[in-house]
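This report walks through a protein and DNA assembly. It starts at the DNA, moves to the contact between the chains and ends with the fold of one chain.

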Number of protein chains: 2
Amino acid sequence: MDGKSLSQQELAAWVRLATVLELLPGVLDSQLRSDAGLTHFQYIVLSTLSEAPQHTMRMTALAARTHATLPRLSHVAQRLQDLNLVERFPCPDDARATNIRLTAAGLQKVHDSAPGHSATVRHHVIDALTAEQVHQLTDIATAVLRRLGPHGATAASYTRYDLPATPPG
Amino acid sequence: MDGKSLSQQELAAWVRLATVLELLPGVLDSQLRSDAGLTHFQYIVLSTLSEAPQHTMRMTALAARTHATLPRLSHVAQRLQDLNLVERFPCPDDARATNIRLTAAGLQKVHDSAPGHSATVRHHVIDALTAEQVHQLTDIATAVLRRLGPHGATAASYTRYDLPATPPG
DNA sequence: GAAGATTAGTTGTACCTACAACTGAGAACC
DNA sequence: GGTTCTCAGTTGTAGGTACAACTAATCTTC
(Lines give C-alpha, C1' and ligand atoms only; values in the text may rest on other atoms or scores of the structure.)
Protein backbone atom coordinates (compact mmCIF):
# COMPACT_ATOMS: atom_id res chain seq x y z
CA MET A 1 0.00 0.00 0.00
CA ASP A 2 1.12 3.53 -0.45
CA GLY A 3 1.14 5.36 2.85
CA LYS A 4 0.20 8.71 1.35
CA SER A 5 -2.70 10.21 3.20
CA LEU A 6 -5.73 11.62 1.46
CA SER A 7 -5.70 14.95 -0.35
CA GLN A 8 -8.26 17.63 0.31
CA GLN A 9 -10.38 16.54 -2.63
CA GLU A 10 -10.12 12.88 -1.78
CA LEU A 11 -11.03 13.55 1.81
CA ALA A 12 -14.04 15.60 0.79
CA ALA A 13 -15.30 12.76 -1.38
CA TRP A 14 -14.70 10.19 1.32
CA VAL A 15 -16.33 12.19 4.11
CA ARG A 16 -19.45 12.61 2.03
CA LEU A 17 -19.54 8.99 0.94
CA ALA A 18 -19.05 7.88 4.54
CA THR A 19 -21.95 10.08 5.57
CA VAL A 20 -24.15 8.53 2.92
CA LEU A 21 -23.08 5.13 4.18
CA GLU A 22 -24.08 6.17 7.67
CA LEU A 23 -27.45 7.72 6.85
CA LEU A 24 -28.94 6.06 3.80
CA PRO A 25 -29.35 2.55 5.26
CA GLY A 26 -31.23 4.03 8.20
CA VAL A 27 -33.61 5.84 5.88
CA LEU A 28 -34.30 2.70 3.89
CA ASP A 29 -34.74 0.58 6.99
CA SER A 30 -37.04 2.98 8.67
CA GLN A 31 -39.31 3.47 5.67
CA LEU A 32 -39.64 -0.27 5.18
CA ARG A 33 -40.00 -0.96 8.87
CA SER A 34 -42.80 1.51 9.37
CA ASP A 35 -44.61 0.72 6.11
CA ALA A 36 -44.06 -3.02 5.88
CA GLY A 37 -42.47 -4.23 9.12
CA LEU A 38 -39.34 -5.31 7.27
CA THR A 39 -35.69 -4.38 7.35
CA HIS A 40 -34.06 -3.44 4.06
CA PHE A 41 -32.18 -6.70 4.06
CA GLN A 42 -35.33 -8.72 4.71
CA TYR A 43 -36.94 -6.89 1.81
CA ILE A 44 -34.00 -7.74 -0.44
CA VAL A 45 -34.30 -11.40 0.52
CA LEU A 46 -38.01 -11.51 -0.22
CA SER A 47 -37.63 -9.50 -3.39
CA THR A 48 -34.83 -11.72 -4.68
CA LEU A 49 -36.91 -14.82 -4.03
CA SER A 50 -39.86 -13.26 -5.81
CA GLU A 51 -37.80 -13.08 -9.00
CA ALA A 52 -36.60 -16.68 -8.81
CA PRO A 53 -38.28 -19.58 -10.63
CA GLN A 54 -40.89 -21.16 -8.33
CA HIS A 55 -39.96 -18.38 -5.89
CA THR A 56 -37.41 -20.85 -4.65
CA MET A 57 -33.64 -20.80 -4.23
CA ARG A 58 -30.95 -22.66 -2.40
CA MET A 59 -29.73 -20.92 0.72
CA THR A 60 -26.20 -20.61 -0.59
CA ALA A 61 -27.32 -19.11 -3.88
CA LEU A 62 -29.55 -16.65 -2.09
CA ALA A 63 -26.74 -15.69 0.26
CA ALA A 64 -24.44 -15.00 -2.67
CA ARG A 65 -27.08 -12.99 -4.50
CA THR A 66 -27.81 -10.85 -1.47
CA HIS A 67 -24.15 -10.51 -0.47
CA ALA A 68 -24.85 -12.03 2.91
CA THR A 69 -22.92 -14.59 4.89
CA LEU A 70 -24.66 -17.89 5.36
CA PRO A 71 -25.09 -17.51 9.12
CA ARG A 72 -26.66 -14.13 8.61
CA LEU A 73 -29.05 -15.43 6.01
CA SER A 74 -29.87 -18.40 8.19
CA HIS A 75 -30.91 -16.17 11.08
CA VAL A 76 -32.93 -13.92 8.81
CA ALA A 77 -34.59 -16.90 7.15
CA GLN A 78 -35.56 -18.18 10.59
CA ARG A 79 -37.17 -14.87 11.39
CA LEU A 80 -38.97 -14.64 8.04
CA GLN A 81 -40.18 -18.18 8.54
CA ASP A 82 -41.57 -17.26 11.95
CA LEU A 83 -43.45 -14.48 10.16
CA ASN A 84 -44.77 -17.01 7.62
CA LEU A 85 -43.20 -15.13 4.73
CA VAL A 86 -40.89 -17.94 3.63
CA GLU A 87 -40.60 -21.66 4.17
CA ARG A 88 -37.58 -23.96 4.05
CA PHE A 89 -37.35 -27.57 2.96
CA PRO A 90 -34.55 -29.98 2.14
CA CYS A 91 -33.21 -29.88 -1.40
CA PRO A 92 -34.08 -33.16 -3.13
CA ASP A 93 -30.88 -33.13 -5.22
CA ASP A 94 -28.43 -32.65 -2.38
CA ALA A 95 -29.27 -33.72 1.14
CA ARG A 96 -26.87 -31.15 2.55
CA ALA A 97 -28.70 -28.29 0.93
CA THR A 98 -31.80 -26.38 1.96
CA ASN A 99 -34.26 -24.67 -0.33
CA ILE A 100 -36.02 -21.53 0.72
CA ARG A 101 -39.31 -20.56 -0.88
CA LEU A 102 -41.56 -17.54 -0.68
CA THR A 103 -45.02 -18.23 0.74
CA ALA A 104 -48.14 -16.64 -0.71
CA ALA A 105 -48.06 -14.16 2.16
CA GLY A 106 -44.42 -13.43 1.39
CA LEU A 107 -45.15 -12.73 -2.26
CA GLN A 108 -48.01 -10.48 -1.26
CA LYS A 109 -45.73 -8.65 1.12
CA VAL A 110 -43.23 -7.97 -1.67
CA HIS A 111 -45.94 -6.68 -3.96
CA ASP A 112 -47.38 -4.48 -1.25
CA SER A 113 -44.09 -2.99 -0.16
CA ALA A 114 -42.28 -2.58 -3.48
CA PRO A 115 -43.88 0.71 -4.54
CA GLY A 116 -43.09 2.47 -1.27
CA HIS A 117 -39.55 1.24 -1.34
CA SER A 118 -39.08 2.30 -4.95
CA ALA A 119 -40.46 5.72 -4.16
CA THR A 120 -37.99 6.08 -1.30
CA VAL A 121 -35.07 5.12 -3.50
CA ARG A 122 -36.25 7.46 -6.19
CA HIS A 123 -36.79 10.34 -3.82
CA HIS A 124 -33.57 10.06 -1.86
CA VAL A 125 -31.19 8.99 -4.59
CA ILE A 126 -32.33 8.99 -8.18
CA ASP A 127 -34.27 12.22 -8.21
CA ALA A 128 -31.43 13.96 -6.41
CA LEU A 129 -29.22 13.32 -9.45
CA THR A 130 -29.07 14.35 -13.08
CA ALA A 131 -29.26 11.63 -15.72
CA GLU A 132 -25.54 12.07 -16.25
CA GLN A 133 -24.85 11.67 -12.57
CA VAL A 134 -26.87 8.47 -12.51
CA HIS A 135 -24.57 7.16 -15.19
CA GLN A 136 -21.47 8.38 -13.33
CA LEU A 137 -22.71 6.76 -10.15
CA THR A 138 -23.05 3.45 -11.94
CA ASP A 139 -19.45 3.62 -13.10
CA ILE A 140 -18.14 4.76 -9.74
CA ALA A 141 -19.96 2.08 -7.79
CA THR A 142 -18.86 -0.52 -10.30
CA ALA A 143 -15.24 0.53 -9.89
CA VAL A 144 -15.46 0.37 -6.12
CA LEU A 145 -17.15 -3.03 -6.20
CA ARG A 146 -14.25 -4.40 -8.20
CA ARG A 147 -12.05 -3.58 -5.21
CA LEU A 148 -14.32 -5.08 -2.62
CA GLY A 149 -12.81 -8.51 -2.89
CA PRO A 150 -14.46 -11.72 -4.01
CA HIS A 151 -17.80 -10.74 -2.57
CA GLY A 152 -18.04 -7.48 -4.43
CA ALA A 153 -16.53 -8.58 -7.67
CA THR A 154 -17.64 -12.15 -8.11
CA ALA A 155 -20.90 -12.02 -6.21
CA ALA A 156 -21.97 -8.94 -8.12
CA SER A 157 -20.83 -10.52 -11.34
CA TYR A 158 -23.43 -13.25 -11.36
CA THR A 159 -26.23 -10.96 -10.40
CA ARG A 160 -28.98 -10.18 -12.85
CA TYR A 161 -27.37 -6.80 -13.24
CA ASP A 162 -23.96 -7.92 -14.36
CA LEU A 163 -20.89 -5.84 -14.03
CA PRO A 164 -19.27 -5.27 -17.41
CA ALA A 165 -16.12 -7.30 -17.90
CA THR A 166 -12.93 -5.73 -16.63
CA PRO A 167 -11.44 -3.77 -19.53
CA PRO A 168 -8.08 -5.14 -20.70
CA GLY A 169 -4.99 -3.29 -19.55
CA MET B 1 -44.25 11.18 -4.98
CA ASP B 2 -44.31 10.04 -8.53
CA GLY B 3 -45.16 6.38 -8.74
CA LYS B 4 -43.03 5.77 -11.82
CA SER B 5 -40.76 2.82 -11.25
CA LEU B 6 -37.06 2.92 -12.00
CA SER B 7 -35.69 2.77 -15.53
CA GLN B 8 -33.03 0.31 -16.58
CA GLN B 9 -30.26 2.86 -16.05
CA GLU B 10 -31.63 4.03 -12.75
CA LEU B 11 -32.00 0.49 -11.53
CA ALA B 12 -28.44 -0.35 -12.52
CA ALA B 13 -27.14 2.61 -10.55
CA TRP B 14 -29.26 1.77 -7.54
CA VAL B 15 -28.37 -1.91 -7.47
CA ARG B 16 -24.69 -1.07 -7.52
CA LEU B 17 -25.00 1.63 -4.90
CA ALA B 18 -27.04 -0.71 -2.70
CA THR B 19 -24.30 -3.32 -3.05
CA VAL B 20 -21.67 -0.82 -2.00
CA LEU B 21 -23.87 0.06 0.97
CA GLU B 22 -24.02 -3.60 1.85
CA LEU B 23 -20.34 -4.44 1.48
CA LEU B 24 -18.23 -1.38 2.20
CA PRO B 25 -19.18 -0.94 5.88
CA GLY B 26 -18.24 -4.55 6.52
CA VAL B 27 -14.84 -4.06 4.95
CA LEU B 28 -14.17 -0.96 7.04
CA ASP B 29 -15.40 -2.60 10.22
CA SER B 30 -13.41 -5.72 9.74
CA GLN B 31 -10.13 -3.95 8.97
CA LEU B 32 -10.51 -1.74 12.02
CA ARG B 33 -11.69 -4.57 14.22
CA SER B 34 -8.80 -6.83 13.39
CA ASP B 35 -6.12 -4.11 13.41
CA ALA B 36 -7.38 -1.93 16.26
CA GLY B 37 -10.26 -3.68 17.97
CA LEU B 38 -12.65 -0.90 16.96
CA THR B 39 -15.77 -0.63 14.87
CA HIS B 40 -15.81 2.01 12.16
CA PHE B 41 -18.23 4.07 14.19
CA GLN B 42 -16.08 3.84 17.31
CA TYR B 43 -13.14 5.00 15.21
CA ILE B 44 -15.14 7.96 13.93
CA VAL B 45 -16.03 8.93 17.48
CA LEU B 46 -12.43 8.77 18.66
CA SER B 47 -11.16 10.51 15.56
CA THR B 48 -13.70 13.32 15.86
CA LEU B 49 -12.75 13.87 19.48
CA SER B 50 -9.09 13.94 18.55
CA GLU B 51 -9.74 16.97 16.34
CA ALA B 52 -11.69 18.87 18.99
CA PRO B 53 -10.12 21.47 21.31
CA GLN B 54 -8.98 19.76 24.54
CA HIS B 55 -10.10 16.54 22.85
CA THR B 56 -13.41 17.30 24.48
CA MET B 57 -16.96 17.75 23.19
CA ARG B 58 -20.48 17.76 24.48
CA MET B 59 -22.32 14.55 23.84
CA THR B 60 -24.97 16.26 21.74
CA ALA B 61 -22.41 18.01 19.57
CA LEU B 62 -20.51 14.78 19.07
CA ALA B 63 -23.71 12.95 18.19
CA ALA B 64 -24.54 15.57 15.56
CA ARG B 65 -21.05 15.50 14.11
CA THR B 66 -21.04 11.74 13.82
CA HIS B 67 -24.65 11.56 12.56
CA ALA B 68 -25.59 9.32 15.48
CA THR B 69 -28.62 9.36 17.70
CA LEU B 70 -27.95 10.25 21.30
CA PRO B 71 -28.88 6.82 22.65
CA ARG B 72 -26.52 5.20 20.19
CA LEU B 73 -23.69 7.50 21.13
CA SER B 74 -24.41 6.99 24.80
CA HIS B 75 -24.04 3.23 24.49
CA VAL B 76 -20.89 3.54 22.43
CA ALA B 77 -19.43 6.06 24.88
CA GLN B 78 -20.12 3.62 27.69
CA ARG B 79 -18.23 0.93 25.85
CA LEU B 80 -15.31 3.22 24.97
CA GLN B 81 -15.18 4.33 28.58
CA ASP B 82 -14.99 0.71 29.72
CA LEU B 83 -12.03 0.38 27.37
CA ASN B 84 -10.44 3.48 28.94
CA LEU B 85 -10.38 5.30 25.62
CA VAL B 86 -12.68 8.14 26.68
CA GLU B 87 -13.98 9.64 29.90
CA ARG B 88 -17.16 11.55 30.65
CA PHE B 89 -17.76 14.33 33.15
CA PRO B 90 -20.53 16.84 33.80
CA CYS B 91 -20.39 20.05 31.79
CA PRO B 92 -19.69 22.96 34.15
CA ASP B 93 -21.79 25.40 32.10
CA ASP B 94 -24.95 23.32 31.92
CA ALA B 95 -25.73 20.75 34.54
CA ARG B 96 -27.83 18.79 32.06
CA ALA B 97 -24.96 18.30 29.69
CA THR B 98 -22.14 15.79 29.67
CA ASN B 99 -18.69 16.31 28.24
CA ILE B 100 -16.79 13.46 26.68
CA ARG B 101 -13.02 13.59 26.45
CA LEU B 102 -10.40 11.40 24.83
CA THR B 103 -7.96 9.79 27.26
CA ALA B 104 -4.26 9.52 26.50
CA ALA B 105 -4.85 5.90 25.56
CA GLY B 106 -7.68 6.97 23.29
CA LEU B 107 -5.52 9.51 21.50
CA GLN B 108 -2.81 6.92 21.09
CA LYS B 109 -5.35 4.51 19.67
CA VAL B 110 -6.43 7.06 17.05
CA HIS B 111 -2.85 7.73 16.05
CA ASP B 112 -2.07 4.04 15.83
CA SER B 113 -5.10 3.11 13.81
CA ALA B 114 -5.42 6.08 11.46
CA PRO B 115 -2.86 4.97 8.86
CA GLY B 116 -4.38 1.53 8.41
CA HIS B 117 -7.84 2.99 8.11
CA SER B 118 -6.68 5.59 5.58
CA ALA B 119 -4.98 2.90 3.56
CA THR B 120 -8.18 0.88 3.50
CA VAL B 121 -10.22 3.84 2.32
CA ARG B 122 -7.63 4.67 -0.28
CA HIS B 123 -7.39 1.13 -1.52
CA HIS B 124 -11.08 0.34 -1.71
CA VAL B 125 -12.45 3.67 -2.80
CA ILE B 126 -10.10 6.43 -3.82
CA ASP B 127 -7.62 4.40 -5.81
CA ALA B 128 -10.46 2.66 -7.60
CA LEU B 129 -11.47 6.00 -9.12
CA THR B 130 -10.00 8.54 -11.48
CA ALA B 131 -9.47 12.07 -10.21
CA GLU B 132 -12.51 13.12 -12.18
CA GLN B 133 -14.61 10.39 -10.62
CA VAL B 134 -13.51 11.51 -7.15
CA HIS B 135 -14.90 14.91 -7.99
CA GLN B 136 -18.10 13.44 -9.42
CA LEU B 137 -18.53 11.31 -6.33
CA THR B 138 -18.28 14.40 -4.15
CA ASP B 139 -21.06 16.08 -6.10
CA ILE B 140 -23.24 12.99 -6.19
CA ALA B 141 -22.91 12.29 -2.47
CA THR B 142 -23.55 15.95 -1.71
CA ALA B 143 -26.72 15.88 -3.78
CA VAL B 144 -27.95 12.75 -2.04
CA LEU B 145 -27.16 14.15 1.40
CA ARG B 146 -29.34 17.15 0.68
CA ARG B 147 -32.26 14.74 0.37
CA LEU B 148 -31.49 12.84 3.51
CA GLY B 149 -33.51 15.13 5.71
CA PRO B 150 -32.33 17.28 8.59
CA HIS B 151 -29.62 14.86 9.60
CA GLY B 152 -28.01 14.74 6.19
CA ALA B 153 -28.40 18.36 5.28
CA THR B 154 -28.02 20.25 8.52
CA ALA B 155 -25.77 17.87 10.39
CA ALA B 156 -23.39 17.68 7.44
CA SER B 157 -23.53 21.43 7.06
CA TYR B 158 -21.75 22.23 10.29
CA THR B 159 -19.10 19.62 9.79
CA ARG B 160 -15.55 20.68 9.10
CA TYR B 161 -16.13 19.63 5.54
CA ASP B 162 -19.06 21.86 4.77
CA LEU B 163 -21.50 21.24 2.02
CA PRO B 164 -21.60 24.15 -0.39
CA ALA B 165 -24.70 26.27 0.01
CA THR B 166 -27.75 25.10 -1.87
CA PRO B 167 -27.72 26.89 -5.23
CA PRO B 168 -30.64 29.29 -5.68
CA GLY B 169 -33.57 28.05 -7.73
C1' DG C 1 -14.77 -48.48 0.39
C1' DA C 2 -12.81 -46.06 4.41
C1' DA C 3 -10.24 -41.65 6.03
C1' DG C 4 -9.85 -37.14 5.47
C1' DA C 5 -11.23 -32.92 3.32
C1' DT C 6 -14.81 -29.99 1.70
C1' DT C 7 -19.46 -28.16 1.43
C1' DA C 8 -24.21 -26.67 3.31
C1' DG C 9 -26.35 -25.06 6.83
C1' DT C 10 -27.56 -24.16 11.87
C1' DT C 11 -26.71 -22.60 16.48
C1' DG C 12 -24.54 -19.90 20.37
C1' DT C 13 -22.62 -15.82 21.97
C1' DA C 14 -21.23 -11.25 22.11
C1' DC C 15 -21.74 -6.83 20.44
C1' DC C 16 -24.25 -3.09 17.95
C1' DT C 17 -28.36 -0.29 16.98
C1' DA C 18 -33.16 1.46 17.13
C1' DC C 19 -36.96 2.76 19.73
C1' DA C 20 -39.32 3.89 23.79
C1' DA C 21 -39.40 5.07 28.50
C1' DC C 22 -37.27 7.38 31.94
C1' DT C 23 -34.53 11.02 35.09
C1' DG C 24 -33.24 15.40 35.95
C1' DA C 25 -31.92 20.23 34.72
C1' DG C 26 -33.08 24.58 32.39
C1' DA C 27 -36.68 27.81 30.06
C1' DA C 28 -41.06 29.93 29.50
C1' DC C 29 -45.12 31.61 30.94
C1' DC C 30 -48.35 33.39 33.77
C1' DG D 1 -42.50 31.25 42.14
C1' DG D 2 -44.87 27.24 40.66
C1' DT D 3 -46.60 24.66 36.55
C1' DT D 4 -45.48 23.26 32.23
C1' DC D 5 -42.51 22.50 28.37
C1' DT D 6 -38.30 21.47 26.40
C1' DC D 7 -33.58 19.76 26.42
C1' DA D 8 -29.52 16.46 27.65
C1' DG D 9 -28.55 12.24 28.53
C1' DT D 10 -29.09 7.31 30.26
C1' DT D 11 -31.21 2.86 30.50
C1' DG D 12 -34.06 -1.26 29.03
C1' DT D 13 -35.23 -4.21 25.60
C1' DA D 14 -35.79 -6.32 21.29
C1' DG D 15 -33.92 -7.43 17.05
C1' DG D 16 -29.84 -7.55 13.79
C1' DT D 17 -25.01 -9.12 12.55
C1' DA D 18 -20.31 -11.19 12.99
C1' DC D 19 -17.58 -14.87 14.31
C1' DA D 20 -16.68 -19.31 15.87
C1' DA D 21 -18.11 -23.85 16.79
C1' DC D 22 -20.86 -27.41 15.47
C1' DT D 23 -23.62 -31.25 12.63
C1' DA D 24 -24.30 -33.69 8.73
C1' DA D 25 -23.73 -34.90 3.86
C1' DT D 26 -20.75 -35.23 -0.19
C1' DC D 27 -16.40 -35.57 -2.59
C1' DT D 28 -11.60 -37.25 -3.06
C1' DT D 29 -8.06 -40.29 -3.01
C1' DC D 30 -5.94 -44.24 -2.38
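## The DNA surfaces

α4(A) gives the most to the surface near DNA strand C, with six residues. The model is predicted. Around DNA strand C there are 27 residues, and those that come nearest are A:Met59, A:Thr60, A:Pro71, A:Ser74 and B:Ala95. At least two residues each come from α1, α3 (59-65) and α4 of chain A, and from α4 of chain B. The surface near DNA strand C thus draws on elements of both chains. By class, this surface has nine nonpolar, ten polar and eight charged residues.

Now DNA strand D. Here 27 residues lie around the strand, and A:Ala95, B:Met59, B:Thr60, B:Pro71 and B:Ser74 come nearest. Chain B supplies α1 (8-36), α3 (59-65) and α4 (70-82), each with at least two residues. Chain A adds α4 (70-82), again with at least two. Which element gives the most to the surface near DNA strand D? It is α4(B), with six residues. The residues of this surface divide into nine nonpolar, ten polar and eight charged.

The two surfaces are set out below.

| DNA strand | Residues nearest the strand | Element giving the most | Classes |
|---|---|---|---|
| C | A:Met59, A:Thr60, A:Pro71, A:Ser74, B:Ala95 | α4(A), six residues | nine nonpolar, ten polar, eight charged residues |
| D | A:Ala95, B:Met59, B:Thr60, B:Pro71, B:Ser74 | α4(B), six residues | nine nonpolar, ten polar, eight charged residues |

## How the two chains are related

Two copies of a chain are related by a rotation about an axis and a shift along it. For this pair, a rotation of 180° with 0.0 Å of shift along its axis superposes chain A on chain B, at an RMSD of 0.0 Å. The two copies are therefore related as by a two-fold rotation axis. Which residue of chain A comes closest to the rotation axis? It is A:Leu21, with its C-alpha at 3.0 Å.

Next, the contact itself. Chain A puts in 51 residues and chain B puts in 51 residues. On the side of chain A that touches chain B, two or more residues come from each of α1 (8-36), α5 (104-124), α6 (131-147) and α7 (149-157). The largest share comes from α1(A), with 16 residues. By class, this side of chain A has 30 nonpolar, 15 polar and six charged residues. Of the interface residues of chain A, 100% are also interface residues in chain B, so the copies meet through the same surface.

## Helix α1 in chain B

α1(B) has 29 residues. From first C-alpha to last, α1(B) reaches 42 Å, close to the 42 Å expected at 1.5 Å a residue. Just after α1(B), B:Gly37 takes a positive phi of about 70°.

## The fold of chain A

Chain A has seven helices and three strands. From the N terminus on, its elements run α-α-β-α-α-β-β-α-α-α. The strands pair through β3(A). Strand β1 (residues 56-58) runs antiparallel to β3 (residues 98-102), with three bridges between them. A:Thr56 has A:Arg101 in β3(A) as its bridge partner. Strand β2 (residues 86-90) is also antiparallel to β3(A), joined by five bridges. There, A:Phe89 stands opposite A:Asn99 in β3(A).

How much of chain A counts as buried? Of its 169 residues, 36% do. Among contacts in chain A between residues at least 6 apart in sequence, 45% join residues at least 24 apart.

Note on methods:
Residues are numbered from 1 along each chain as its sequence is written. Chains are lettered from A and ligands numbered from 1 in the order in which they are written. This is a predicted model: local features need pLDDT of at least 70, side-chain atom pairs count only at pLDDT 80 or more; totals for chains, interfaces and linings use all residues. A residue is near a molecule or strand if its C-beta atom, placed from the backbone, lies within 6 Å of it. Helices (H or I, at least four residues) and strands (E, at least two) are DSSP runs, numbered from the N terminus. Ala, Val, Leu, Ile, Met, Phe, Trp, Tyr, Cys and Pro count as nonpolar, Asp, Glu, Lys and Arg as charged, and the others, Gly among them, as polar. Copies are superposed by least squares on the C-alpha atoms of residues with pLDDT of at least 70 in both. Two residues are in contact if their C-beta atoms, placed from the backbone, lie within 7 Å. The expected span of a helix is 1.5 Å times one less than its number of residues. A residue is buried if 20 or more other C-beta atoms lie within 10 Å of its own, exposed if 12 or fewer, and partly exposed in between; C-beta atoms are placed from the backbone. Two strands pair if DSSP finds at least two bridges between them.
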